[in-house]
Amino acid sequence: MNDLAEAPRHHEEPDPGHNDAARRAIRQSFLYHLFYTLGKLPLLATKTDYYLALAFGVRDRLLQRWISTATVYTKQGSRTVAYLSAEFLMGPHLGNNLVNLGVYDEARQAVGELGLDLDELLYKEEEPGLGNGGLGRLAACFVDSMATLEIPCVGYGIRYEFGIFYQSLADGWQVEKTDKWLRFGNPWELQRPEWAVQVKLGGTTEHYTDDHGRVQVRWIPSRVVNGVPYDTPILGYRNNTANTLRLWSAEAPESFDFAVFNQGNYYGAVNQKVISETLSKVLYPNDEHIEGKELRLEQQYFFVSCSLQDMLRIMHAQRIPITRFHEKFAVQLNDTHPAIAVVELMRLLVDEHHLEWDDAWQITRNTFGYTNHTLLPEALERWPLALFKKVLPRHLEIIYEINVRFLDEVRRRFLGDDERVARLSLIDEAGERYVRMAHVACVGSHAINGVAELHTNLLKQDVLKDFFELWPEKFSNKTNGVTPRRWLLLSNPQLSRLITQAIGPEWIRDLDELQRIEPLANKADFRAGWREIKRANKRYLADVLIRKRCGIAVDPDSMFDVQVKRIHEYKRQHLAALHIIAMYHRLKSSPNLEMVPRTFIFGGKAAPGYRIAKLMIKLITSIGDMVNRDPVTRDRMRVVFVPNFSVSSGQRIYPAADLSEQISTAGKEASGTGNMKFQMNGALTIGTMDGANIEILERVGEENFFLFGLTAQQVQERRKAGYVPKDYYDSNPELREVVDLIRHGFFSRGDCDLFRPLIDSLMYHDPYLVFADFQSYVDAQQRVNAAYGDKEQWTRMSIMNAARSGKFSSDRTIREYCRDIWHVKSTPIPLLSEEDVRAELM
């Protein structure tokens with residue numbers, strides 16, 4: 001362990017003696033864990049066993065830093081960020097930890113000496129499916145950056161046993177399968193049963209007067225669930241900080257009823273276990289039916305209650321008075337899912353610790369910050385009042401009390417404005433009554449932020465306008481970012497090496513340093529190296545992912561035109577599909593048409609209950625079936641849908657992309673982070689003025705960005721004027737030809753009904769203005785085609801995109817949160833030796 005404890009920092013010259021010691025230590029720990037942890041001989045071991053042996057050896061090195069970090073935080077009572085998120089899409093841990101420890105090459109050498117290939121072992125890691133897309137990946141980038149910046153942090157979430165789902169394709173349709181990511185265990189986590197907590201659900205409340213004459217409330221639940229924490233160390237880059245990701249698993253207080261079993265009711269004996277553990281089985285259960293809604297609300301409450309109780313335990317262990325809760329913890333709500341934490345903290349402070357209401361409310365509001373991630377009304381969660389009361393009866397009483405006091409404040413500020421009072425109320429009184437969780441988050445937080453400049457402005461002007469007018473000082477913008485350690489250093493090692501050889505390794509911690517490669521865009525040898533690395537990445541993607549997983553051969557010399565993200569109408573994968581059909585039709589009509597060969601690559605999951613999104617996947621795969629088999633077009637264009645898009649596949653796709661498709665309707669994408677990963681790896685963007693696209697455009701310049709489409713303001717104006725999508729169909733011959741090919745069954749073997757719901761939606765509703773932006777998009781794609789034909793100029797543009805990606809590091813975002821919202825400072829960690837630990841025990 002000590003051989004690896006003093007890994008050279010990224011700016012130091014590697015010490016050959018250190019490297020050799022690290023290699024020997026990794027090899028020794030690998031063999032140790034193969035024999036003594038897994039009980040396997042090489043003769044009987046599988047590749048999974050070898051991966052686990054290496055992972056356990058790497059974890060040993062993490063634990064030294066983890067214990068050192070916990071020791072410092074405990075002794076100093078360090079102010080800590082508690083990051084509450086329903087998703088943590090961490091991705092595979094092994095490669096990232098080897099990079100952060102600074103022993104990636106040594107690990108490759110160590111296993112190579114044993115006749116093993118590190119890449120094969122990395123491939124054997126099961127990826128935790130604990131997120132659906134950008135929200136969970138952002139949380140993962142943030143905890144990575146906090147560890148690298150030495151910011152005390154605990155990430156809190158749910159340990160979903162089966163994650164979201166494993167996506168496969170059957171006849172071009174999405175099929176959801178169980179994601180058994182835990183089938184071989186998880187070597188990175190430690191179970192902490194001694195820190196389990198109880199969570200109440202359902203039941204009734206009882207009001208009574210205590211011995212001091214104060215009215216108190218007792219919650220009498222209908223059932224209780226245990227939350228058991230599983231901890232994973234999150235390592236900083238080349239430092240000694242290892243923060244904690246604490247995920248909660250639901251268990252029954254009594255998993256087996258012996259008396260019921262002896263009565264012959266064998267199912268009844270384990271019924272409580274089944275019901276309780278359902279809470280942490282699956283991410284985002286289908287909530288089309290009331291049972292799904294109830295489970296989703298219970299999940300959200302479960303993990304925030306566990307987390308807040310854990311924070312109180314930490315305060316007790318560090319002997320910090322409960323009245324200083326807001327001084328010890330800065331709790332960030334990652335979107336609206338954890339908003340119930342505002343109410344739960346009030347319950348804990350008032351009911352369990354008997355603080356006066358006003359004191360508890362001051363602590364609560366000073367504790368929470370709220371990050372809004374959406375402009376879609378349906379994503380601002382609301383719960384039917386009857387359902388909320390059934391699941392959380394005490395919390396509804398607290399919400400009523402918060403609301404009464406809050407609306408009194410509103411009435412004082414805005415005399416006689418009853419409509420404003422109704423709009424701001426925590427309870428939506430129109431029709432069926434609902435609890436508005438975004439309102440709860442706004443009222444109960446001292447800070448509210450959006451995640452891109454446009455998004456934050458739209459929050460102020462529209463979605464949260466009333467709250468902004470009430471509390472303008474609460475609002476700020478914190479543009480999202482991604483970690484360059486995973487998305488460039490680990491994912492694109494050849495490009496990272498080229499950059500480091502040119503400007504040194506400082507960019508790994510300070511991405512603004514990439515600006516120093518700008519002058520190199522004018523050097524032919526640097527461009528040639530850049531271009532060769534891109535081609536190697538494309539060849540690797542074509543061979544390893546596309547050919548093996550999809551069974552499709554693609555040309556690495558073609559342009560890789562990529563759109564990988566959650567499938568949703570506002571992200572407009574169907575706009576890209578219409579353009580592909582337009583290109584196909586042009587080629588069929590004019591086989592000698594001048595066009596650079598393209599490979600269109602799609603990936604992403606549709607929510608199980610989102611029928612139109614699933615139909616969009618079917619349309620894309622059906623187009624691919626036709627285009628890829630047509631002898632006229634198959635050598636000039638290919639269409640690929642990569643199933644089960646994940647962090648692992650993203651690490652292969654982003655470095656290989658030539659063109660990044662960021663084509664959402666302006667004013668709908670909060671930020672986007674895939675756009676940043678593509679840019680960082682040298683892809684050029686075709687995009688709308690939406691989310692962080694605007695800030696990317698500002699930095700790279702219009703000459704290095706393919707802009708198209710209506711602006712957010714123009715979208716609003718078009719709708720107000722009365723948007724009629726069929727008018728575009730009638731007036732645009734190419735659009736009409738494209739739509740008619742789909743309508744008349746060309747891509748569905750003559751079945752004119754298959755895509756009717758999608759086409760009818762576009763023709764008569766088109767909520768995301770696909771038809772309105774079609775011609776502008778096609779024109780922009782013509783500019784892309786012309787630009788790609790000039791390889792030298794395209795390479796210059798690629799280099800400029802990467803060079804100007806510095807703003808989009810999550811390190812910058814975290815520094816802004818620390819400065820403006822959390823008021824948390826870095827805490828350097830000295831590494832404990834075995835002698836230090838022994839001294840602690842004496």
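Student: What makes a space count among the nine cavities of 30 Å³ or more?

Tutor: The model is predicted. A cavity is a set of grid points where a 1.4 Å probe fits but cannot get out. The structure holds nine such spaces of 30 Å³ or more.

Student: How do you know the volume of the largest cavity?

Tutor: A volume is the space filled by probe spheres set on the points. For the largest cavity that comes to about 130 Å³.

Student: What makes a residue part of the lining of the largest cavity?

Tutor: A lining residue has an atom within 4 Å of a point. In the largest cavity, 13 residues qualify. Nearest its centre are Met-90, His-93, Asn-96, Ile-234 and Arg-486. Helix 4, helix 7 and strand 9 each supply at least two lining residues. By type, the lining has six nonpolar, four polar and three charged residues.

Student: Which residues lie closest to the centre of the second largest cavity?

Tutor: Tyr-51, Glu-126, Trp-181, Gly-185 and Pro-187, out of 14 that line the second largest cavity. Its volume is about 90 Å³. Seven lining residues are nonpolar, four polar and three charged.

Student: Why is helix 3 called largely enclosed?

Tutor: Buried means under 20% relative accessible area. Of the 30 residues of helix 3, 23 are buried, so the rest of the structure largely encloses this helix.

Student: How do you know how the span of helix 3 compares with the expected one?

Tutor: Residues 47-76 reach 43 Å from first C-alpha to last. The expected value, at 1.5 Å a residue, is 44 Å, so the two are close. Helix 3 also has a kink of about 25°, centred on Leu-62.

How values were computed:
Residues numbered from 1 in each chain as written. Predicted model: local features only at pLDDT ≥ 70, side-chain atom pairs only at ≥ 80, totals over all residues. Heavy atoms only, no water. Helix = DSSP H or I, 4+ residues; strand = E, 2+ residues; numbered from the N terminus. Bend = angle between axes of the 7 residues up to and from the residue. Buried < 20%, exposed > 50% of the residue type's maximum accessible area, 1.4 Å probe, protein only. 1 Å grid on protein atoms, 1.4 Å probe; cavity = no way out; pocket = protein on both sides within 12 Å on 5 of 7 lines; lining within 4 Å. Nonpolar A, V, L, I, M, F, W, Y, C, P; charged D, E, K, R; others polar.
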